[in-house]
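Me: I would like to learn how to read the features of a structural model in an orderly way. Could we work through one together?

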Amino acid sequence: MNNLFTLQGKIALITGSSRGLGFTIAKGLGLAGAIVILNGRNENALKEAKQKLINLNIKCYCSTFDVISANEIDKQITLIEKEIGQIDILVNNAGVQARAPLENFEETVWNNIINTHLTGAFLVSKRVAKSMISNNYGKIINICSLMSEIGRASIAPYTAAKGGLKNLTKAMAVEWAKYNIQINGIGPGYFLTEMTKNLMEDQDFDIWLKKRTPAGRWGDPEELVGAAIFLASKASSFVNGQIIYVDGGILASI
Ligand SMILES: NC(=O)c1ccc[n+]([C@@H]2O[C@H](COP(=O)([O-])OP(=O)(O)OC[C@H]3O[C@@H](n4cnc5c(N)ncnc54)[C@H](OP(=O)(O)O)[C@@H]3O)[C@@H](O)[C@H]2O)c1
């Protein structure tokens, strides 16, 4: 039974894992046996995150690159493949957020959000999938959102990007399942991170969310780890193009 979920010796790259959900998912995959590669744009933040994982006896590396730069991605993945090995598990998690009324959204801000969540997932997956295809093995997990399904005022580009990422997950599955690559998504509800700090500090939002969520509370990032291990392991070898929502029941209720 344990063998179904073990990630022993597998190499996992998690984008945007210097903090927040990406870091917790990286830690969870590492504790399940994976060799973990942390990513982000800030080298110092990555070094600090790496030390935390090393303290837990997780084998861990850092790879600093911007997921919207195809050149940086190619350079860094080539280096990873040469010095660490071929990537077995890719988690597309890097993300940014900005809020404004749709009619006032700056085009540059719109582009950055779409590029980070959607084009970034395409660019990193495209590069990593080349090796997964020749290896005839791979796992890709796209971190989606409730906004892959529904909208919310003031975050239109994020909603557009996460809706796109959900369907990119299906597009990837349709094209790459034949290479024994499973591509699925995780759709988190509301979890406290730097991205959602201002929401938690907003008392009205906090009260509204707890009422709106059947479970009656925010999620703990550790509660995403089970879904991540499932989608990264042999246990999900015939699961493809699906999104698992880890949301305390929000999408199940009106
Ligand atoms: N928190 C939630 O409740 C929630 C709910 C649903 C979905 N999500 C999704 O979960 C993912 C993680 O969110 P979070 O809440 O953990 O956010 P967070 O704490 O702000 O972390 C975002 C991470 O992404 C990295 N990053 C941002 N832009 C990047 C880029 N262009 N290239 C590489 N790395 C980049 C950041 O590091 P640097 O800035 O140093 O690069 C950081 O490590 C996002 O995709 C988000 O949309 C979060």
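The dialogue below takes up the sheet, a helix, two backbone outliers and the ligand shell.

Me: What should I bear in mind about the origin of this model, and in which order do the strands of the sheet lie?

Reply: The model is predicted. Its open sheet has seven strands in the order β3-β2-β1-β4-β5-β6-β7, with parallel pairing. Because β3 (60-64) and β7 (243-246) are the edge strands, each with a single partner, one side of each has no neighbour in the sheet. From one strand to the next, the twist averages 20°.

Me: How many bridges join β1 to β2, and which residue stands opposite Leu-13?

Reply: Strand β1, residues 11-14, runs parallel to β2 and is joined to it by four bridges. Opposite Leu-13 one finds Ile-37 of β2. A second example is the pair of β4 (residues 89-92) and β5, again parallel and again with four bridges. There, Ile-89 faces Lys-139 in β5.

Me: How does one read the two faces of a strand, and which residues of β5 lie on each side?

Reply: The general idea is that side chains in a regular strand alternate between the two faces of the sheet. In β5, one side carries Gly-138, Ile-140 and Asn-142, and the other carries Lys-139, Ile-141 and Ile-143; all are buried, and both faces are covered. Since six of the six residues of β5 are buried, this strand is largely enclosed by the rest of the structure. Strand β1 is likewise covered on both faces, with Ile-11 and Leu-13 buried on one side and Ala-12 and Ile-14 buried on the other.

Me: Which strands does helix α6 touch, and what covers its buried residues?

Reply: Helix α6 (residues 156-176) packs on the sheet and touches β5 (138-143), β6 (181-188) and β7. Its direction makes about 165° with that of β6. The helix has 21 residues and reaches 30 Å from its first C-alpha to its last, close to the 30 Å expected at 1.5 Å a residue. Among its buried residues are Pro-157, Tyr-158, Ala-161, Leu-165, Leu-168 and Met-172, and Lys-162 is buried too. The cover over the buried residues of α6 includes α5, β5, β6 and β7.

Me: Which non-glycine residues should I inspect for a positive phi, and where do they lie?

Reply: One is Asn-136, whose phi is about 50° although it is not a glycine. Asn-136 sits in the loop between α5 and β5. With 10 other C-beta atoms within 10 Å, Asn-136 is exposed. Another is Ser-154, also not a glycine, with a positive phi of about 85°. Ser-154 belongs to the loop between β5 and α6. Ser-154 has 13 C-beta neighbours inside 10 Å and therefore counts as partly exposed.

Me: Which residues come nearest to the ligand, and which elements supply the shell around it?

Reply: Of the 31 residues around the ligand, Gly-16, Gly-20, Arg-41, Gly-95 and Thr-193 come nearest. At least two residues of the shell come from each of α2 (20-31), β2 (35-40) and α5 (107-135). The largest share, three residues, is supplied by α2.

Me: What is the make-up of that shell by class?

Reply: The shell around the ligand has 16 polar, eleven nonpolar and four charged residues.

How values were computed. Residues numbered from 1 in each chain as written. Predicted model: local features only at pLDDT ≥ 70, side-chain atom pairs only at ≥ 80, totals over all residues. Near = placed C-beta within 6 Å. Nonpolar A, V, L, I, M, F, W, Y, C, P; charged D, E, K, R; others polar. Pairing = 2+ DSSP bridges. Axes fitted to C-alpha atoms, helices over the stretch in contact; angles between N-to-C directions. Contact = placed C-beta atoms within 7 Å. Expected span 1.5 Å × (residues − 1). Buried ≥ 20, exposed ≤ 12 C-beta atoms within 10 Å, placed from the backbone.
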